[in-house]
Amino acid sequence: MCSIDKATAALLGEARYEGRRMLVSRLARLTVLAQLFLPGQAQSLSHTCPPKFPSCSIANPPKFVSYKYGIPAINKGASQPATNTFLQMESHSLDVQKLRSDFLQVLRSRRSAEVPLSVENGKPVVSPFFLDNTLPTDKSQAMESCPKVVIKNFKELLKEENLYLTTEAGQQGRLPVLILSMKESKERKPAVVFLHSTNKCKEWLRPLLEAYASRGYLAIAIDSRYHGERAGSKTGYRDALISSWKKGDTMPFIFDTVWDLIKLADYLTKREDIDPARIGITGESLGGMHAWYAAFVDTRYSVVVPIIGVQGFRWAVDNDKWQARVNSIRPVFEEAQKDLGKSAIDKEVVEKVWDRIAPGLASSFDAPYTIPAIVPRPLLIVNGAKDPRCPVEGLQIPQSRATKAYGEAHCPDKFKLIVQPGIEHQLTPLMVKEASDWFEIFLKK
């Protein structure tokens, strides 16, 4: 029995998401048969041949919705946990794998044609493009405060790579990538992916990239969809959001960039200078949401630090705390308001926009379900106590469930929520320092 399980475990490491779910289900059925006919061996099995996937307890599994506007419906209900400890672990693992599979289904529902991943060399960006007219000479004091190693002739020793990855067909499928590292190092390094906030671009993150590179990391940044080199125009992002509402053909708010990050992980794990088991991901605001969802769906991101990006979207709708988030991308909600014949943006408008431009964001894939699914990988969430876009009250359930999940996985030290007093929606030196310390602990081991 145990030899069969080992063979199955080997297959699990190679199978895709659907294959994994089928194999684990078969393993669970074999365990039930062992319980019925070989109770002694079944008990031994649960201790000597643990499941490959980490356990994750999801209380009150999400109520999957049948998405409107032509999005494929998602199967209802997560499987009910069995009474046996081993089967409980399998059930929880299946819940997480199913959640990821369902999320991938939504991502794929609005892809242009998938193409082989290719890499093209680029050149440094001379004039970074900012959607909000922020001058390239402006600097973030918080990012400038990032811990760094003082290295003589640092600029001469710094290696810069500018690349383009093809993540899907079409103009937005050309992903600009900026990578900084130190030239003299030959061994495989830990890597960290950095994601910018709304209206910014990858070049804005350069102080962080240089600081991490000085400390021995490969530091990577990308332009999110309709930003930086992918913007096209000053109104490119706004126009894409409105088009998504009207046509339902793309998901420029969070989800499309998450697809890019899956493809980025394909590339990074194949590089000879990166340790594929030590790839971290972090981001600020919109970038924090990108980091959160990329880590949820792709376990190759092994250490996760979303900064001022995690919120309970459903909680905000139910508790009338959606205004600040809506105002950050207000034009699409104003367009929806007119199309729905409303005199003002209200709860119904907000719900319909989320359901249209990011299906499941305020239901199946909200923070209470996707945050605990990151277990057992180290997860640090950093928010401001007075942040109106990410109200800390909306994090109570995600925090509680994540704490429980990390406790059940016997790694409570790998989850932490830091709420900085008196801070609204802004990146601070404390947040930068806490993120830096988190990566030093869990990526430098």
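A salt bridge is a side-chain nitrogen of Lys or Arg within 4 Å of a carboxyl oxygen of Asp or Glu. This is a predicted model: local features need pLDDT of at least 70, side-chain atom pairs count only at pLDDT 80 or more, and totals for chains, interfaces and linings use all residues. Residues are numbered from 1 along each chain as its sequence is written, and side-chain values use heavy atoms, without hydrogens and water.

**Exercise 1.** Find how far apart the closest N and O atoms of Glu-335 and Lys-338 are, and place the pair in its helix.

Solution.
- Take the distance. The closest N and O atoms are 3.6 Å apart, and the pair forms a salt bridge.
- Place the pair. Both residues lie in helix H13 (residues 330–339). Helices (H or I, at least four residues) are DSSP runs, numbered from the N terminus.
- Count along the chain. Glu-335 and Lys-338 are three residues apart, so about one helical turn separates them.

**Exercise 2.** Classify Glu-335 and Lys-338 as buried, partly exposed or exposed.

Solution.
- Set the cut-offs. Buried means under 20% relative accessible area, exposed over 50%, partly exposed in between (1.4 Å probe, protein chains only).
- Glu-335 has 18%, so this residue is buried.
- Lys-338 has 57%, so this residue is exposed.

**Exercise 3.** Describe the salt bridge between Lys-98 and Asp-102.

Solution.
- The side chains meet at 2.9 Å, N to O.
- Both residues sit in helix H4 (residues 85–109), four residues apart, about one turn.
- Both are buried.

**Exercise 4.** State how many salt bridges the whole structure holds, and name a network.

Solution.
- The search finds 33.
- One network links Arg-111, Glu-168, Arg-225, Arg-230, Asp-256 and Asp-260.

Technical notes. Helices (H or I, at least four residues) and strands (E, at least two) are DSSP runs, numbered from the N terminus.
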